[in-house]
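Let's talk through how the labels for this fold are earned. Each turn sets a value beside its definition.

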Amino acid sequence: QYISNYIPLIINKKPELNGYLNVNLQVLSTFKGIEYLYDKGITEVFKIRGDITISHIDKMMEVLKGKQLSFLQMCKPGARKDIYYYINQLHTSHDYPADIIIYGKSDLMLNGFNFYVPEFSPIPPESLIAYNLFKYL
């Protein structure tokens, strides 16, 4: 109930082709969410997988705030002593940096997620997302 009262639900028309590993579904839903925030004047966007939780997000935001584009990935326990936040991943597959957390300027993120793959191509969605985002740096 809390979510429906305070967080808007954006319903999108399903793309004609889902694409490899649902790339077009991922990109469309992210694009529409960023577009909603952009239209409200939000200048920076934090995108995270839905199956991840973060503790001490305030510490993470200190690192990210003001960056044009940043990717955060999982890190082996004990590998970095200077990271004060903890990312808890709720699935066990390997991932790419563009799959975990992306933070950046909303206009760059909006352009970076504005694409559609019109045919089946076995390129991981995360690679396509990263490639498209880097085009706008």
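**A central strand and its partners**

Q: In β5, which residue is the bridge partner of Val45?
A: The bridge partner of Val45 is Gly104. Leu69 also stands opposite Gly104 in β5.

Q: What should a reader know about the model behind these values?
A: This is a predicted model, where local features need pLDDT of at least 70, side-chain atom pairs count only at pLDDT 80 or more, and totals for chains, interfaces and linings use all residues. Residues are numbered from 1 along each chain as its sequence is written, and side-chain values use heavy atoms, with hydrogens and water left out.

Q: How do you know that β1 and β5 pair?
A: Strands pair if DSSP finds at least two bridges between them. Five bridges join β1 (residues 44-48) to β5, and the two run antiparallel, so the pairing criterion of at least two bridges is met.

Q: What makes β3 a partner of β5?
A: Four bridges join β3 (residues 69-72) to β5, again antiparallel.

Q: Why is the sheet called open, and in what order do its strands come?
A: Three strands form the open sheet, in the order β1-β5-β3 with antiparallel pairing. β1 and β3 stand at the edges with a single partner strand each, so one side of each is left without a neighbour in the sheet. The twist averages 10° from one strand to the next.

Q: Why is strand β5 called largely enclosed?
A: A residue is buried when its relative accessible area is under 20% (exposed is over 50%, partly exposed in between; 1.4 Å probe, protein chains only). Four of the five residues of β5 (residues 101-105) are buried, so the strand is largely enclosed by the rest of the structure. Of the 137 residues of the chain, 32% count as buried.

Q: Which helix lies across β1, β3 and β5?
A: That is α3 (residues 57-64), which runs at about 130° to β1. Such angles run from 0 to 180 degrees between N-to-C directions, with axes fitted to C-alpha atoms.

Q: How many helices and strands does the chain have?
A: The chain has six helices and five strands. These are DSSP runs: H or I of at least four residues for helices, E of at least two for strands.

Terms used:
Contact = heavy atoms within 4.5 Å.
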